[in-house]
Amino acid sequence: TQGNKAQRNSWVMIEQDLHTKAFQSVVEGSNAHLSCNVKATESPSIKWLLPDGTKLKAPFKMEDSRFSVLSSGQLVIKSVAYADSGMYHCVAQVRGDIDSMSYRILVQPPGIQPADSEIIKVQKNVGEPICLPCSAVAIPDAHLSWILPNSHVLNDLSNSSNGYLLDNGSLLIPHSRVSDSGYYRCVAINQQGSDQFAIKVTVNKMVSDRSSKSMKLKKRPGSRTLVKTKIQVIDDGEGSRTGESDETLSKKIHLKNHEVSLKQKNDNDPHGHVKKNKK
């Protein structure tokens, strides 16, 4: 019949492009935006499934709710809370055709004060460039972002005039200022979980012979210090270790098929070490 023919010719698709943020680190109290770019032969029905099981149909807006869905399908979360962390699913439907896309949000505290033993320390002088390396090995691929001391989240879609996220995951601040001092967090997220580590950066106003000699991470020209977050997902749940270089500051995390808490650390587990390059 004509109705069956129309149904066969109907289709819906959720597009994912370079501007789609499928994984987001969001600082508590800020706003989050999840886009759902739907293409269809006719006006689609768009719904969002929240981590707690709540379903919201576009358009949705209530005065007493922090959640709203625009007619375009975008989900907006105002003043995110820790409980908002989790998986979000956008579902679009046209007649008998359905498409969906999943998103993960990880809510982070505005500031941290980790123990000295748990962080990497870097000292710079005013005007010197700051380059903080971070890379993730993950299955599926992980999304990297940096949380700056001012709680601003920097990723490949939100570079600022002061800092840049390079293609290899490193954070680059070309000209350091005293105000750049503080804790920097590199966060890696994929469908299976997340991992992060912190680096304490201190930018000194002046250089003295004594202070320059005490900069443990100060290298001769041409030498490099590499920071890696190694993430491995395995099917049987058993951890496996990979070889590591003496010139690599490595942190090994095994993400199993469930979300893991990375705030709990075992002091007996050597997550990383630093060795000076010898050239």
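Two strands are taken to pair when DSSP finds at least two bridges between them. With that in mind, I should like to present the sheet and the disulfides of this structure, which is a predicted model.

I begin with the sheet. Five strands make it up, in the order β2-β11-β10-β5-β6. The sheet is open, and its pairing is mixed. Which strands stand at the edges? They are β2, residues 23-27, and β6, residues 55-57. Each of these has a single partner strand, so one side of each is left without a neighbour in the sheet. From one strand to the next, the twist averages 25°.

Let me stay with the edge at β2. Its partner is β11, residues 97-108, and five bridges join the two strands. β2 and β11 run parallel. Within this pairing, Phe 23 stands opposite Arg 104 in β11.

I turn now to the cysteines. In general terms, a disulfide is a covalent bond between the sulfur atoms of two cysteines. How many disulfides does a search of the whole structure find? The search finds two.

One of them joins Cys 36 to Cys 90, with an S to S distance of 1.9 Å. This pair links distant parts of the chain, 54 residues apart. Cys 36 sits in the loop between β3 (32-34) and β4 (37-40), whereas Cys 90 belongs to strand β10, residues 86-94. The sheet order given earlier places β10 between β11 and β5. The torsion about the S-S bond of Cys 36 and Cys 90 is about -85°, so this disulfide is left-handed. Are these two cysteines buried or exposed? Buried means under 20% relative accessible area. Cys 36 has a relative accessible area of 2% and is therefore buried. Cys 90, at 0% relative accessibility, also counts as buried.

The other disulfide joins Cys 134 to Cys 186, with an S to S distance of 2.0 Å. Cys 134 lies in the loop between β13 (130-132) and β14 (136-137), and Cys 186 lies in strand β19 (residues 182-190), so the pair ties together parts that are 52 residues apart in sequence. About the S-S bond of Cys 134 and Cys 186 the torsion is about -75°, so this disulfide is left-handed as well. Both Cys 134 and Cys 186 are buried.

If the bonded cysteines of the chain are numbered in sequence order, the pairing reads 1-2, 3-4.

I close with one further cysteine, Cys 131. Its relative accessibility is 44%, so Cys 131 counts as partly exposed.

Methods:
Residues are numbered from 1 along each chain as its sequence is written. This is a predicted model: local features need pLDDT of at least 70, side-chain atom pairs count only at pLDDT 80 or more; totals for chains, interfaces and linings use all residues. Side-chain values use heavy atoms; hydrogens and water are left out. Helices (H or I, at least four residues) and strands (E, at least two) are DSSP runs, numbered from the N terminus. Axes are lines fitted to C-alpha atoms, for helices over the stretch in contact, and angles run from 0 to 180 degrees between N-to-C directions. A disulfide is a pair of cysteine sulfur atoms within 2.5 Å. Buried means under 20% relative accessible area, exposed over 50%, partly exposed in between (1.4 Å probe, protein chains only).
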